[in-house]
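Here is a short tour of a helical protein model, written for someone who likes to know the cut-offs behind each term. Please have your viewer ready.

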Amino acid sequence: MKTRIWISIPLMALLPGLALAHIGSDAGIHHGTAFFMGFVHPFTGLDHFAAMLAVGIWSVLATRQVWAMPFAFAGLLLVGGLIGFTGVAVPVVEPMIAASLLVLGLMVCARVRLALPWGLAVVGLFALFHGIAHGSELPAAQAVAALSGMALGTMILHIAGMAIGAFFKARSAWYARVLGGGIALLGAGYLAGVL
């Protein structure tokens, strides 16, 4: 019973954002709206949503320092967001996001164990591209508010993923294999569509 409550609370926080689409432009946006836009942005695309959950799940299943990967992802997501705000054209953003689903899904599926620096490098590289995509769609005029909201939304997804990972870890390894395989297949599908 306690495990169900532990998992359901973070997941309930995700539901309102799933109903929203990518919203608005820079014109007339104030801090509260920019914060909200940033907060819901990670929930509004299945690619971002699945990748951020996967980071949390993998960090619990296969790493000793479970908070290192979520914080690395969130930090480099913010760096990517700043790059996205500049409007600089960065090639291969969409293929890298698709590749992140494929790789992270396989890492969850196989419970791949990496030395901390390698894990941080993989997660950080993918986070950078997710951040660039987010930053190019969020209001640059209210960058601090938008990035703050995005960081909070991202960490909620990571924590939800960690709760799912803890649930899987206490049970059959097949749960992680099925979900990780599904995320990897989603990534392969996106990758086939953007190449």
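## Ground rules and overall make-up

A residue is called buried when its relative accessible area is under 20%, exposed when it is over 50%, and partly exposed in between, using a 1.4 Å probe and protein chains only. By that yardstick, 49% of the 195 residues of the protein chain count as buried. Keep in mind that this is a predicted model, where local features need pLDDT of at least 70 and side-chain atom pairs count only at pLDDT 80 or more, while totals for chains, interfaces and linings use all residues. Residues are numbered from 1 along each chain as its sequence is written, and side-chain values use heavy atoms, with hydrogens and water left out.

Helices here are DSSP runs of H or I with at least four residues, strands are runs of E with at least two, and both are numbered from the N terminus. The protein chain has 8 helices and 0 strands, so to speak in the order α-α-α-α-α-α-α-α from the N terminus on. A contact means heavy atoms within 4.5 Å. Among contacts in the protein chain with a separation of 6 or more, 85% join residues 24 or more positions apart.

## Helix α4 from end to end

The expected span of a helix is 1.5 Å times one less than its number of residues. Helix α4 has 19 residues and reaches 28 Å from its first C-alpha to its last, close to the expected 27 Å. Its buried residues are Met69, Pro70, Ala72, Phe73, Ala74, Leu77, Gly80, Gly81, Gly84 and Phe85, and they pack against α3, α6 and α7.

Phe71 also belongs to α4, but at 53% relative accessibility it counts as exposed. The C-alpha atoms of Phe71 and Gly56 lie 10.0 Å apart, with their positions 15 residues apart in sequence. Just after α4, Gly87 takes a positive phi of about 80°.

## How α4 packs on α7 and α6

Axes are lines fitted to C-alpha atoms, for helices over the stretch in contact, and angles run from 0 to 180 degrees between N-to-C directions. Helix α4 (residues 68-86) packs on helix α7 (residues 143-169) at an angle of about 150°, with the axes 10 Å apart. That makes α4 roughly antiparallel to α7, a label for angles over 145 degrees, where under 35 is roughly parallel, 65 to 115 roughly perpendicular and the rest oblique. The crossing of the two is right-handed, meaning that the near helix is turned clockwise from the far one by less than a right angle; anticlockwise would be left-handed.

On the α4 side, the contact residues include Phe71, Leu78 and Leu82, and on the α7 side they include Met150, Thr154 and His158. In total, this contact has 15 nonpolar, 3 polar and no charged residues. Here Ala, Val, Leu, Ile, Met, Phe, Trp, Tyr, Cys and Pro count as nonpolar, Asp, Glu, Lys and Arg as charged, and the others, Gly among them, as polar.

Against α6, helix α4 packs at an angle of about 35°, with axes 6 Å apart. This crossing is right-handed too, and its contact residues divide into 16 nonpolar, 9 polar and no charged.

## Helix α6 and its cover

Helix α6 (residues 116-135) has 20 residues, which should span 28 Å, and its end C-alpha atoms are 27 Å apart, which agrees. Its buried residues include Val123, Phe126, Phe129, His130 and Ile132. What covers the buried residues of α6 includes α3 (46-62), α4, α5 (93-110) and α7.

## Two loop residues with positive phi

Most residues other than glycine have a negative phi. Val92, in the loop between α4 and α5, has a positive phi of about 60° and is partly exposed at 48% relative accessibility. Arg111, in the loop between α5 and α6, has a positive phi of about 50° and is partly exposed at 25%.

## Two leucines of helix α8

Leu191 sits in helix α8 and counts as buried at 18% relative accessibility. Leaving aside neighbours within four places in sequence, Leu191 is in contact with Pro95, Ala98, Ala99 and Leu102. The C-alpha atoms of Leu191 and Pro95 are 5.8 Å apart, although the two are 96 residues apart in sequence.

Leu185 is also found in α8 (residues 173-194), yet it is exposed, with a relative accessible area of 65%. Its C-alpha atom is separated by 9.1 Å from that of Leu106, 79 residues away along the chain.
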